Amino acid sequence: MAARMVAALVCMVVMLRLSEAAVYKVGDSAGWTTIANVDYKQWASTKTFHIGDTVLFEYNPQFHNVMRVTHTMYKNCNSSKPISTFTTGNDTITLTNHGHHFFFCGVPGHCLAGQKLDIHVLHPASSTPLTEQPSSSPPPSTTTIPSAGVPGPSPSLATSLPSVVAAGVAAVVALLVSLAFADFAS
Ligand SMILES: [Cu+2]
């Protein structure tokens, strides 16, 4: 009986986690910069990123920008062919797929100075089948990344996330119903 209770509670906690999308400000109060000596690797390691979460890059657009790049470009600080570039100084990027998301500042010298960020988005908790994508090369599709300054989830997220949540809610309801019946029978 107690075990069933615990199972139901754990299930609900998982659902709550799935349904809330967090917004993370990169570098916290320091923002996206080279002057504060922010260790962005350390910053990212303290967070747990999920699909649907948003990262906010806040910076002075006169001095910095944000480029989304491949793993190879990230390693080499190669800004010649970014997947996408953001320049508003207040850029929100919604993480719509799992795996690694690589960013750096494209201003010469800034990536080498440490203004680079590797965000690892965890696999969804459920076993929902997803098309596997190589983590090092996200598709250069513009539909998965909202353009700079436009908040809100992309169409692909809007259709996939609710179904995951609905499946989970159904599981919780089933559990609670079985719980109620178990009580009734005993
Ligand atoms: Cu910069």
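**Exercise 1. Which residue in E4 does Val66 stand opposite?**

Worked solution. A quick note before starting: this is a predicted model.

- Step 1: find the strand. Val66 belongs to strand E3, which covers residues 66–69.
- Step 2: look at the pairing. E3 runs antiparallel to strand E4 (residues 84–86), and three bridges link the two.
- Step 3: read off the partner. Opposite Val66 in E4 you'll find Phe86.

**Exercise 2. Take strand E3 and work out which way its residues point, and what E3 pairs with besides E4.**

Worked solution.

- Step 1: recall the general pattern. Side chains in a regular strand alternate between the two faces of the sheet.
- Step 2: check it here. Val66 and Arg68 point one way, Met67 and Val69 point the other way, and all are buried.
- Step 3: turn to strand E6 (residues 99–104). E3 pairs with E6 in the antiparallel sense, again with three bridges, and Met67 has Phe104 as its bridge partner there.
- Step 4: put the sheet together. It is an open, antiparallel sheet of four strands, ordered E4-E3-E6-E7. E4 and strand E7 (116–121) are the edge strands, each pairing on one side only. On average, neighbouring strands in this sheet are turned by 25 degrees against each other, ignoring direction.

**Exercise 3. Now do the other sheet: give its strand order and explain why E1 and E5 each have a side without a neighbour.**

Worked solution.

- Step 1: get the order. Three strands make up an open sheet, E1-E2-E5, and the pairing is mixed.
- Step 2: find the edges. Strands E1 (23–25) and E5 (90–94) have a single partner strand each, so one side of each strand has no neighbour in the sheet.
- Step 3: add the twist. The average turn between neighbouring strands of this sheet is 20 degrees, direction ignored.
- Step 4: zoom in on one pair. E1 and strand E2 (residues 54–58) are parallel, with three bridges between them. One residue to try is Val23, whose bridge partner in E2 is Thr54.

**Exercise 4. Is Tyr74 buried or exposed, and what does Tyr74 touch?**

Worked solution.

- Step 1: place the residue. Tyr74 sits in helix H3, residues 71–76.
- Step 2: count neighbours. The cut-off for buried is 20 or more other C-beta atoms within 10 Å. Tyr74 has 21 C-beta neighbours inside 10 Å, so Tyr74 counts as buried.
- Step 3: list contacts, skipping neighbours within four places in sequence. Those of Tyr74 are Val69, Phe102, Phe104, Lys116 and Asp118.
- Step 4: check the list from the other end. With the same exclusion, Val69 is in contact with Tyr74, Pro82, Ile83, Phe102 and Phe104.
- Step 5: try a distance. Tyr74 and Cys111 are 37 residues apart along the chain, yet their C-alpha atoms are separated by 8.5 Å.

**Exercise 5. Zoom out: describe the chain as a whole and its largest nonpolar core.**

Worked solution.

- Step 1: count elements. There are four helices and seven strands. Starting at the N terminus, they run α-β-α-β-β-α-β-β-β-β-α.
- Step 2: get the burial. Of the chain's 186 residues, 22% count as buried.
- Step 3: look at contact range. Take the contacts between residues at least 6 apart in sequence: 77% of them join residues at least 24 apart.
- Step 4: find the core. The largest nonpolar core has 21 residues, and those touching the most other members are Trp32, Val55, Phe57, Val66, Val69, Phe103 and Phe104. At least two residues of this core come from each of E2, E3, H3, E6 and E7.
- Step 5: compare with a general trend. Nonpolar side chains tend to be buried together in soluble globular proteins.

**Exercise 6. Asn37 and Cys77 have positive phi values; compare where they sit and how exposed they are.**

Worked solution.

- Step 1: take the angles. Phi is about 55 degrees for Asn37 and about 50 degrees for Cys77; neither residue is a glycine.
- Step 2: find the loops. Asn37 lies between E1 and helix H2 (40–45), while Cys77 lies between H3 and E4.
- Step 3: apply the neighbour count. Asn37 counts as exposed because it has 9 C-beta neighbours inside 10 Å. Cys77 has 18 inside 10 Å, so Cys77 counts as partly exposed.

Notes: Residues numbered from 1 in each chain as written. Predicted model: local features only at pLDDT ≥ 70, side-chain atom pairs only at ≥ 80, totals over all residues. Pairing = 2+ DSSP bridges. Axes fitted to C-alpha atoms, helices over the stretch in contact; angles between N-to-C directions. Buried ≥ 20, exposed ≤ 12 C-beta atoms within 10 Å, placed from the backbone. Contact = placed C-beta atoms within 7 Å. Core = buried A, V, L, I, M, F, W, Y, C linked by C-beta atoms within 7 Å.
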